[in-house]
Amino acid sequence: MATPGVDHPEERAVLDVKAVSRDDVLTSFVEEATGGELVISVGEDASRRRVRLEPGEVLELVWRGPEELRSVPAVLLDVRGGDAPTWRVRIAGPASRGQRRSAVRVPITLDVTVHAGGEHRTGTTVDLSEGGIHCLLDGEPDRSGALEVGSVVHVSLDLDGRALATKAEVIRRHPREDKRPELSLRFIGLKERDEDDVRRRVFAQMRDLRARGLI
């Protein structure tokens with residue numbers, strides 16, 4: 001008997017979709033999981049554009065299982081239209097260990113605290129992905145050098161009531177007329193569970209923005 005989450009992705013699981021006809025990795029999520037078939041949202045590219053694939057396309061689906069990333073081959077059976085178009089796919093072989101997925105970034109405002117140079121700087125995110133954040137911090141300009149490019153800081157992020165804490169590297173400083181610190185940070189050593197929680201939040205935000213016609 002197939003084990004949900006191990007032998008096939010469960011409903012609401014976030015997917016990487018690799019199509020034989022494309023070189024990039026698409027992002028999707030599972031709407032329905034019944035037997036050997038799945039209904040998934042139409043895959044989106046790195047620019048969050050829905051991608052057109054034809055029935056018969058050979059796919060690889062990658063998701064986060066209970067203990068590791070999992071992967072299964074599949075075939076696209078048909079495309080269903082509407083406001084939230086979907087793909088119906090058939091699982092075409094046994095599942096195996098999957099490979100790490102790509103990051104998707106979305107504009108979102110969340111509370112964040114950056115701990116650096118003995119100071120705690122509060123602020124909000126500008127955008128978010130499982131790879132990092134772009135954030136705007138409150139307070140005076142940084143004069144300690146603790147927020148310079150290449151610096152390693154500690155980040156605390158309020159992920160809808162769940163605290164996410166990790167190290168991060170400052171990879172870019174964004175100049176501002178008011179001199180407030182605006183930074184791009186790359187997460188360091190983010191746990192896979194945290195990556196998946198971030199990814200789910202990213203996709204929830206994408207769905208909300210699309211429902212409001214903003215993307």
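# Worked exercises on a predicted strand-rich chain

The protein chain has one helix and 14 strands; helices (H or I, at least four residues) and strands (E, at least two) are DSSP runs, numbered from the N terminus. This is a predicted model, in which local features need pLDDT of at least 70 and side-chain atom pairs count only at pLDDT 80 or more, while totals for chains, interfaces and linings use all residues. Residues are numbered from 1 along each chain as its sequence is written, and side-chain values use heavy atoms, with hydrogens and water left out.

## Exercise 1: Confidence and overall form

Find where confidence is highest and where it is lowest in the protein chain, then describe the chain's extent and burial.

Step 1. Start with pLDDT, the predictor's confidence in each residue, from 0 to 100. The chain averages 87, and 96% of the residues score at least 70.

Step 2. Look at the elements. Strand E6 (residues 86-91) has the highest confidence, at 96, and H1 has the lowest, at a mean of 81. As a general caution, where pLDDT is low, the predicted coordinates should not be read in detail.

Step 3. Take the principal axes: the C-alpha atoms fill a box of roughly 60 × 35 × 30 Å.

Step 4. Classify the residues: buried means under 20% relative accessible area, exposed over 50%, and partly exposed in between (1.4 Å probe, protein chains only). Buried residues make up 45% of the 215 residues.

Step 5. Turn to contacts, meaning heavy atoms within 4.5 Å. Among those between residues at least 6 apart in sequence, 51% join residues at least 24 apart.

## Exercise 2: Two cores

Work out which elements supply at least two residues each to the largest nonpolar core, and what surrounds valine 114.

Step 1. Fix the term: a nonpolar core is a set of buried Ala, Val, Leu, Ile, Met, Phe, Trp, Tyr and Cys residues joined through side-chain atoms within 4.5 Å. In soluble globular proteins, nonpolar side chains tend to be buried together.

Step 2. Find the hubs. The largest core has 30 residues, and those with the most contacts inside it are Val114, Leu128, Ile133, Val153, Val155 and Leu185.

Step 3. Assign the contributors. At least two residues each come from strands E9 (111-116), E11 (132-137), E12 (152-159), E13 (162-173) and E14 (182-188), and from helix H1 (192-211). H1 gives the largest share, five residues.

Step 4. Leave out neighbours within four places in sequence: valine 114 is then in contact with Glu119, His120, Arg121, Leu137, Leu147, Val153, His154, Val155 and Leu185.

Step 5. Note a second, separate core of 20 residues, which includes Ala13, Val42, Leu59 and Trp87.

## Exercise 3: Checking the helix

Compare the expected span of H1 with the distance between its end C-alpha atoms.

Step 1. Use the rule that the expected span is 1.5 Å times one less than the number of residues.

Step 2. Apply it: the 20 residues of H1 should span 28 Å, and the end C-alpha atoms are 28 Å apart, so the two agree.

Step 3. Check burial along H1. Its buried residues include Val198, Val202, Phe203, Met206 and Leu209, and also Asp194, Glu195 and Arg199.

Step 4. Move just past H1, where glycine 213 takes a positive phi of about 75 degrees.

## Exercise 4: Buried polar side chains

Is serine 184 buried or exposed, and what are the polar partners of serine 184 and arginine 70?

Step 1. Place serine 184 in strand E14. Serine 184 counts as buried because its relative accessibility is 13%.

Step 2. Search for polar contacts, pairs of N or O atoms within 3.5 Å; within protein, one must be able to donate a hydrogen and the other to accept it, and residues adjacent in sequence count only if both atoms are side-chain atoms. The side chain of serine 184 makes one with the side chain of histidine 174 (2.8 Å).

Step 3. Repeat for arginine 70, in strand E5 (residues 69-80). With 13% relative accessibility, arginine 70 counts as buried, and a polar atom of its side chain lies 3.0 Å from the backbone oxygen of valine 6.

## Exercise 5: The loop between E13 and E14

Describe aspartate 178 and lysine 179.

Step 1. Aspartate 178 is found in this loop and is partly exposed, at 40% relative accessible area.

Step 2. Its side chain and that of arginine 176 are joined by a polar contact of 2.9 Å.

Step 3. Lysine 179, also placed in the loop between E13 and E14, is exposed at 54%. Its phi is positive, near 70 degrees, in a residue other than glycine.
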